[in-house]
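Biologist: I'm a first-year student and still learning to read protein models. Could you take one part of this one, look at it closely, and then follow its links outward for me?

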Amino acid sequence: MNQRTSIVVLTVLAFAGCAVAQDDAKPAPFSVEQAVAEAKAGLDRAEALPERPVSREALAEVNKKIVAIETHDPGNVWLPYLYGRAFFLMGQTSEAAAKLRAFVDTREGKNEWRAFCTLGDLFVGEFPNLANSYYLAAVDLNSTDSGIYHGLSMCASRRGAMADAVRLARQAVQVGGGDDVAHLAHLARVLAADQQWREADSTAVLAVERAKALASERAGVRAPLEDVILRYAQLITILQNKLAATGAGGDEYLRLAKYVEERADVARRAAKFDTLGILETGVEATEPRTPVSLLEKYAVTLAEVGRKDDAIAAFEDLLTRDADNATAKEWLIRLNAPVASKSAP
């Protein structure tokens, strides 16, 4: 092969390579089916979040998927389902009910247990009989979801059928593996209403411990601490009512006092977030000449509420302004971060 032929061959190969690269760079064609599946998965993840209503930020990607589906296929049968669940999570209950009621009348909707369960959740507060019918439809389609039994128990409780409420609440806890704080708290409530004091007490303790574990897993967030406070409040109320009903001994009063003190400790930790908000505002308002004392208090409070990475950054920034700050150095050691030895140039 002569030089001219080699150049031609190499040029052809180069262009071919560019064509392949360009083809690879092209975005994949939009798939409505894939977008529906991804939107469902996103809704499932959002539903697992403890906060209600779920923030728009947490549902941003799901909403993008729904809009894209509607753009490409305006008549897609899953749109009412997706919109209905999203509306429900955002607290827009009337819109959610309208969408989901329309969906369960479709062929696909008649076989979607989550739609029936969500309709039950929408109506359980004011219309327990209607909610009960939706939960029964859901359990016929899926007997392994603990939330359905929880809903059925709430319906029974509102009807005054306490034996059924307790049985179904126990079933919800068992099916869910005993990890769901809301299910444990509900079981404790219906047991107390049925004056089954010993089990109500022990179940309320489990709810507190589980809530505390979740708060530790989500350190730096206020909402889980607020839930711990609520669970302590329930435990304290149950123990007070148990003491009034049974006249238990002095040890129970010591337990009650201990729980009151523990609740107060958690409440103080939660209140630190109010302090943090004030300090954040102060730091922003006084930049770039923020006093060292304000920066130090801000960094310490970040550490105290569990925002470890933010605290480390704040202490490191503090050392660039006050290289000998003992508080910053001590906290950085406690937070397992390297201590700056000199100020930044």
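Modeller: Let's begin at glutamate 252, which touches Asp201, Leu239, Lys242 and Leu243 once residues up to four places away in sequence are set aside; contact here means heavy atoms within 4.5 Å. Please keep in mind that this is a predicted model, where local features need pLDDT of at least 70 and side-chain atom pairs count only at pLDDT 80 or more, while totals for chains, interfaces and linings use all residues. Residues are numbered from 1 along each chain as its sequence is written, and side-chain values use heavy atoms, leaving out hydrogens and water.

You will find glutamate 252 in helix α13. Helices (H or I, at least four residues) and strands (E, at least two) are DSSP runs, numbered from the N terminus. Glutamate 252 has a relative accessible area of 14%, so it counts as buried; buried means under 20%, exposed over 50% and partly exposed in between, with a 1.4 Å probe and protein chains only. Its side chain also makes a polar contact of 3.2 Å with the side chain of arginine 255. A polar contact is a pair of N or O atoms within 3.5 Å; within protein, one must be able to donate a hydrogen and the other to accept it, and residues adjacent in sequence count only if both atoms are side-chain atoms.

One neighbour deserves extra attention. Side chains of opposite charge can pair when their charged atoms come close. Lysine 242 and glutamate 252 form a salt bridge, with 3.0 Å between the closest N and O atoms. The lysine belongs to helix α12 (residues 222-246) and the glutamate to helix α13 (residues 250-286), so their pairing ties together parts 10 residues apart in sequence. A salt bridge is a side-chain nitrogen of Lys or Arg within 4 Å of a carboxyl oxygen of Asp or Glu. Like its partner, lysine 242 is buried, at 14% relative accessibility.

Helix α13 takes part in another such pair. Glutamate 280 forms a salt bridge with arginine 307, where the closest N and O atoms are 3.3 Å apart. This pair links distant parts of the chain, 27 residues apart: glutamate 280 is in helix α13, and arginine 307 is in the loop between α14 (292-304) and α15 (308-321). Both ends are partly exposed, glutamate 280 at 23% relative accessibility and arginine 307 at 24%. Elsewhere, Asp44, Glu47, Arg85 and Arg114 are joined into one network by salt bridges that share partners.

Within that network, aspartate 44 and arginine 85 form a salt bridge, with their closest N and O atoms 2.9 Å apart. Aspartate 44 is in helix α2 (residues 32-47) and arginine 85 in helix α4 (residues 79-89), so distant parts of the chain, 41 residues apart, are linked. The two ends are not alike in exposure: aspartate 44 is partly exposed at 31%, whereas arginine 85 is buried at 1%.

Arginine 85 also appears where helices meet. Tyr81, Arg85 and Phe88 in α4 meet Arg114, Ala115, Thr118, Asp121 and Leu122 in α6. The axes of α4 and helix α6 (residues 113-123) come within 11 Å and cross at roughly 35°. Axes are lines fitted to C-alpha atoms, for helices over the stretch in contact, and angles run from 0 to 180 degrees between N-to-C directions. This crossing is left-handed, meaning that the near helix is turned anticlockwise from the far one by less than a right angle.

Finally, let's look at some special spots in the backbone. A cis peptide bond joins arginine 52 to proline 53, with omega about -5°, and proline 53 sits in the loop between α2 and α3 (60-72). The bond from glutamate 287 to proline 288 is cis too, with omega near 0°; proline 288 lies in the loop between α13 and α14, which brings us back to the helix where we started. Glutamine 195 has a positive phi of about 60° although it is not a glycine. Its place is in the loop between α10 and α11 (197-217), and at 57% relative accessibility it is exposed.

For the wider setting, the protein has 16 helices and zero strands, and 39% of its 345 residues count as buried. The structure holds 26 salt bridges.
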